[in-house]
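Visitor: I have a model open and want to go through some of its helices. Can we start?

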Amino acid sequence: ADLNENRRNDVVAAIADYDIITKAIDPLSPAYHAKKAELKEKINNIKGAMEDYDKAMALAPKRGVYPYAKALLLIKARDFTAARENLEKAIRVEPEFAKAYYQRGLLWLEVGRLKEASADFNKAESLGLESALMTNIQAKAMKYYEEGTAAIKQNDFAKARKALDNAVTLRPRYADAWFAQAQTWEKQGNYKKAVELYGRALQANDKYHEGYYARGMARLRLNETEDALRDFGTAVDLEPTYIDGVKGRGNAYIAMKKHPEAKEDLTKAINLALPLLAQAQKEKKEDKNKIQTFKNQLAELYSLLAYARLLSGEGSAAQADLKKAFDYSENYSDAYRYRGLAHQQEGDHKKANGDFDEAIKRDARNYPAYRDRAVSHIALGRFGDAMNDLNLVVRADSQGVASDALLVRGIANARQRKYNEAIQDMQSFERKFPK
């Protein structure tokens, strides 16, 4: 039989030889019946193969390999119900049969039952499923992940969440998928949900420094500054040269009014970023996009440092940093906003408004710039213009980045002797942003 199968490539003759073995020589050996089934499968004698697997199973009822082999044949025949029944039989007699769990997981996927598939894949993994098959599971989850991230780019968050839910259902410890899921909520201003899902990403991978940074930024939006500071600190501990982490920590210190610490961190971030720009400019094949990315990063960092200096009363040093920011990029909206704040500090509200106009021109969703411009409008007695800016912010700022716009509008109403409206705004601010 071996000669006919492997040397002569005569499967029919090999089957005839195994017929003699299973009928006359060793009829009680399940292995020979299974081998005969395997050969019949090669010549597409599916019915005969099934019968021989059944004989093998009858002779060895405590062996899972035979119902497993029959299940694979049934899968090829697209009889998924019978295939699952045989896989369950294999699992009952051999509870640690990793491949049987894996194959049943694939069957659950066929009918869209991802939770059951995930349970089987996790069990198979815990039993030491071979790496090639694990890679196949990860590839299926990655397909959902890629579908989700593509939908995020299109701002189709419902579609993104559905795909990413599938990814994390299939692979519950898929950190990148949890991270992307969090982003869908953050982009819509639901920072509380984003924090929760960034947490799931970090449970899946507690060395995920980008995850700590992202959760820290979401926590800053919620005014959870102590927690945000811890997240940024962890990100930097994991990756000491992580510029975003150092910048984030500087932002947290600004929010906590710890301006010396903020300036220290933002200076450190700048010193980390400068060599990267220098290296990019030295490369033989100059990558203009890469260079501009580093310049934009430095414009942001110098602008933030200037803001920290402004809050410390260092107006001249702040202006010097803003000049550096503009040298790197004239398109960073907040650089104009911070320069406008510097002019406000000097009492020059006309110049301040010019800069706020430039900030808004570069980013129409820079809601703090509208609020700050309204403050200068109030100082100049332009209450109509101030109310237009503040009404826009209150209506459009779903993410709360200019959270005190209600408070400023209340002040504007009070200055116009509209006391009822002022009280309503103050009360609304207290309800929305309780201490």
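Visitor: Which residues are buried in helix 15?
Guide: This is a predicted model. In helix 15 the buried residues are Ile 243, Gly 245, Val 246, Lys 247, Gly 248, Arg 249, Gly 250, Asn 251, Ala 252, Tyr 253 and Ile 254. That is 11 of the 13 residues, so helix 15 is largely enclosed by the rest of the structure.

Visitor: What do the buried residues of helix 15 pack against?
Guide: They pack against helix 13, helix 14 (225-238), helix 16 (259-282) and helix 17 (288-311).

Visitor: How far apart are the end C-alpha atoms of helix 15?
Guide: They are 18 Å apart. At 1.5 Å a residue, the 13 residues of helix 15 should span 18 Å, so the two values agree.

Visitor: And what does Lys 257 do just after helix 15?
Guide: Lys 257 takes a positive phi of about 60°.

Visitor: Now helix 21. How many of its residues are buried?
Guide: 11 of 13, so helix 21 is largely enclosed by the rest of the structure. The buried residues include Arg 371, Asp 372, Arg 373 and His 377.

Visitor: Which helices do they pack against?
Guide: The buried residues of helix 21 pack against helix 19 (333-346), helix 20 (349-362), helix 22 (383-396) and helix 23 (405-415).

Visitor: What reach does helix 21 have from its first C-alpha to its last?
Guide: Helix 21 reaches 19 Å, close to the 18 Å expected. Gly 381 follows helix 21 and has a positive phi, near 75°.

Visitor: Different topic: helix pairs. Are helix 12 and helix 13 roughly parallel or antiparallel?
Guide: Their axes cross at roughly 160° and come within 9 Å. Angles over 145 degrees count as roughly antiparallel, and helix 12 and helix 13 are therefore roughly antiparallel to each other. The crossing is left-handed.

Visitor: Which residues meet there?
Guide: From helix 12, Tyr 191, Ala 194, Val 195, Tyr 198, Gly 199 and Leu 202. From helix 13, Gly 211, Tyr 212, Ala 214, Arg 215, Ala 218, Arg 219 and Arg 221. The residues of this contact divide into eight nonpolar, two polar and three charged.

Visitor: At what angle do the axes of helix 5 and helix 7 cross?
Guide: Roughly 25°, and the axes come within 11 Å. That makes helix 5 roughly parallel to helix 7. Helix 5 passes helix 7 in a left-handed crossing.

Visitor: What is in that contact?
Guide: Tyr 68, Leu 72 and Ile 75 in helix 5 meet Lys 99, Ala 100, Gln 103 and Leu 107 in helix 7. By class, the contact has five nonpolar residues, one polar and one charged.

Definitions and conventions: Residues are numbered from 1 along each chain as its sequence is written. This is a predicted model: local features need pLDDT of at least 70, side-chain atom pairs count only at pLDDT 80 or more; totals for chains, interfaces and linings use all residues. Side-chain values use heavy atoms; hydrogens and water are left out. Axes are lines fitted to C-alpha atoms, for helices over the stretch in contact, and angles run from 0 to 180 degrees between N-to-C directions. Helices (H or I, at least four residues) and strands (E, at least two) are DSSP runs, numbered from the N terminus. Angles under 35 degrees count as roughly parallel, over 145 as roughly antiparallel, 65 to 115 as roughly perpendicular and the rest as oblique. A crossing is left-handed if the near helix is turned anticlockwise from the far one by less than a right angle, and right-handed if clockwise. Contact means heavy atoms within 4.5 Å. Ala, Val, Leu, Ile, Met, Phe, Trp, Tyr, Cys and Pro count as nonpolar, Asp, Glu, Lys and Arg as charged, and the others, Gly among them, as polar. The expected span of a helix is 1.5 Å times one less than its number of residues. Buried means under 20% relative accessible area, exposed over 50%, partly exposed in between (1.4 Å probe, protein chains only).
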